[in-house]
Protein chains: 2
Amino acid sequence: MRWEPGARERLQAAALELFATRGFEQTTTAEIAQSVGLTERTFFRHFSDKREVLFYGQDQFLQAFLGGLHAAPPNASPLEVVACALDSAAAFFPDERRPYSRMRQSVIDKNPALQEREQHKFAGLAVAVAEALRVRGVGEPTATLAAESGATVFGIAFAQWIREGEERSLADIASQVLHELRNLARP
Amino acid sequence: MRWEPGARERLQAAALELFATRGFEQTTTAEIAQSVGLTERTFFRHFSDKREVLFYGQDQFLQAFLGGLHAAPPNASPLEVVACALDSAAAFFPDERRPYSRMRQSVIDKNPALQEREQHKFAGLAVAVAEALRVRGVGEPTATLAAESGATVFGIAFAQWIREGEERSLADIASQVLHELRNLARP
DNA sequence: CCGGTGATGACAGTTGCTGTCATCACTACT
DNA sequence: AGTAGTGATGACAGCAACTGTCATCACCGG
């Protein structure tokens with residue numbers, strides 16, 4: 001072979017490594033590429049921009065979310081459907097993945113540009129979930145409301161799951177946060 | 001005077017104009033600056049980056065949100081507090097502002113980079129509201145949950161307010177959306 | 001009249017990102 | 001075997017976003 005396979009994965013690993021040590025802005029796309037024996041041009045063939053190297057592959061996560069959604073019973077309320085989606089999504093983050101997620105998140109938390117991208121991905125997730133709910137017959141604005149609430153619950157649960165010393169599974173935390181959301185509406 | 005006053009406002013107006021006609025990416029920061037008789041360097045002295053020219057000044061909006069929050073009765077539930085904040089925020093968008101908001105939003109809706117920035121600002125709003133709720137004695141994750149829900153409700157209401165043919169005031173729409181959120185938790 | 005201040009211009013430089021063409025292993029078809 | 005693709009890459013030029021630095025010049029207070 002002329003080139004090693006798995007260029008994309010090598011670039012992602014190298015990027016995370018460099019971002020964690022030197023910082024995001026202090027790391028050049030050319031450096032990332034060269035650190036795995038590729039050129040900058042090739043980096044941009046795999047990722048649409050510098051930030052995307054940390055977010056590529058989130059489609060699987062979205063599919064998990066949507067998968068749980070389709071598995072929900074037909075007569076379930078919107079929030080119950082979201083609960084199913086949450087369970088399914090949480091399954092994509094087993095405890096083994098916690099250290100990696102922590103490292104990744106610490107990089108994102110240090111850089112506003114990366115936070116923007118993360119929030120954008122979350123917003124995209126909410127849009128997809130809302131569309132799926134509408135297909136199930138949920139009307140507006142309830143569909144969007146339920147979808148965004150689901151994304152919010154997941155976000156809060158994930159942040160807690162990442163915290164140092166946290167031992168519960170993501171699914172457990174998410175279900176508790178969802179319970180808190182229910183309480184919010186009827187004090 | 002050597003230079004005309006109000007450089008920042010002139011830049012913002014010119015930028016919106018150009019973005020609306022040529023598109024965001026097809027407009028150069030140098031073009032914006034030159035169109036009001038300034039240089040590119042001066043543009044970046046007023047705005048931290050190209051996108052920010054559309055978002056500068058949102059602090060007032062955030063202050064409105066937080067102001068309504070402080071005006072809420074001391075024994076109000078988190079969601080009632082958020083309702084107050086929503087009312088106060090809606091007051092910053094009187095009906096006269098609808099055409100301008102529509103134009104601005106149409107520019108943002110056409111560009112992912114601008115959507116990212118908008119979502120980032122919303123997230124910042126939610127963080128500030130959550131902090132204010134915590135100061136009021138609301139615990140986690142309820143504070144963040146209520147804050148993000150408030151931001152979501154505002155976002156949905158604003159999108160509806162902007163819609164062609166919509167006649168209701170933003171405050172009216174927001175209160176209806178908030179009512180839908182309450183319904184979500186008890187089917 | 002004079003020194004400080006503040007908004008600006010001029011200019012060079014870095015970096016993210018794109019367009020374009022060449023290269024070279026591998027594959028499939030003849 | 002030969003030959004024509006195909007796909008991932010390198011090489012290189014170029015644009016636009018953004019930054020650092022120094023000079024300029026109206027204005028303001030003493």
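This is a working chat about a predicted model with two protein chains and two DNA strands.

Me: What should I know about numbering and letters before we start?
Reply: Residues are numbered from 1 along each chain as its sequence is written, chains are lettered from A, and ligands are numbered from 1 in the order in which they are written. The model is predicted, so local features need pLDDT of at least 70 and side-chain atom pairs count only at pLDDT 80 or more, while totals for chains, interfaces and linings use all residues.

Me: What is the secondary structure of chain A?
Reply: Chain A has nine helices and zero strands. Helices (H or I, at least four residues) and strands (E, at least two) are DSSP runs, numbered from the N terminus. Along the sequence the pattern is α-α-α-α-α-α-α-α-α.

Me: And what does its C-alpha trace span?
Reply: The C-alpha trace of chain A spans about 55 × 35 × 30 Å along its principal axes.

Me: How many of its residues are buried, in percent?
Reply: Of the 187 residues of chain A, 34% count as buried. A residue is buried if 20 or more other C-beta atoms lie within 10 Å of its own, exposed if 12 or fewer, and partly exposed in between, with C-beta atoms placed from the backbone.

Me: Which domains does chain A have?
Reply: The assignment gives domain 1 (7-48) and domain 2 (57-185); the bounds come from an automatic or database domain assignment. The C-alpha centres of domain 1 of chain A and domain 2 of chain A lie 28 Å apart.

Me: How many residues of each are in contact?
Reply: Four residues of domain 1 of chain A are in contact with five residues of domain 2 of chain A. Contact requires that the C-beta atoms of two residues, placed from the backbone, lie within 7 Å. The side of domain 1 of chain A that touches domain 2 of chain A has four nonpolar, no polar and no charged residues. In these classes, Ala, Val, Leu, Ile, Met, Phe, Trp, Tyr, Cys and Pro count as nonpolar, Asp, Glu, Lys and Arg as charged, and the others, Gly among them, as polar.

Me: Changing topic: what rotation superposes chain B on chain A?
Reply: A rotation of 180° with 0.0 Å of shift along its axis does so, with RMSD 0.0 Å. The two copies are thus related as by a two-fold rotation axis. The superposition is by least squares on the C-alpha atoms of residues with pLDDT of at least 70 in both copies.

Me: Which residue of chain B comes closest to that axis?
Reply: B:Glu116 does, with its C-alpha at 2.7 Å from the rotation axis.

Me: How many residues does each chain give to the contact?
Reply: The contact takes 26 residues from chain B and 26 residues from chain A. On the side of chain B that touches chain A, the largest share, eight residues, comes from helix 8 of chain B. That side has twelve nonpolar, eight polar and six charged residues.

Me: Now the DNA. Which residues come nearest to strand C?
Reply: Of the 16 residues around DNA strand C, the nearest are A:Asp49, A:Lys50, B:Ala7, B:Thr39 and B:Thr42. A residue counts as near a molecule or strand if its C-beta atom, placed from the backbone, lies within 6 Å of it. Helix 3 of chain B gives the most to this surface, with three residues.

Me: And which come nearest to strand D?
Reply: There, A:Ala7, A:Thr39, A:Thr42, B:Asp49 and B:Lys50 come nearest, of 16 residues around DNA strand D. Helix 3 of chain A gives the most to that surface, with three residues. By class, the surface near DNA strand D has six nonpolar, four polar and six charged residues.

Me: Where is A:Pro141, and what is the peptide bond before it?
Reply: A:Pro141 is in the loop between helix 7 (112-135) and helix 8 (142-162) of chain A. The bond joining A:Glu140 and A:Pro141 is cis, with omega about 5°.

Me: Last one: which residues in the largest nonpolar core touch the most other members?
Reply: Of its 68 residues, A:Leu86, A:Ala174, B:Leu86 and B:Ala174 do. Such a core is a set of buried Ala, Val, Leu, Ile, Met, Phe, Trp, Tyr and Cys residues joined through C-beta atoms within 7 Å. Not counting residues up to four places away in sequence, A:Leu86 touches A:Gly150, A:Val153, A:Phe154, A:Ala174 and A:Leu178.
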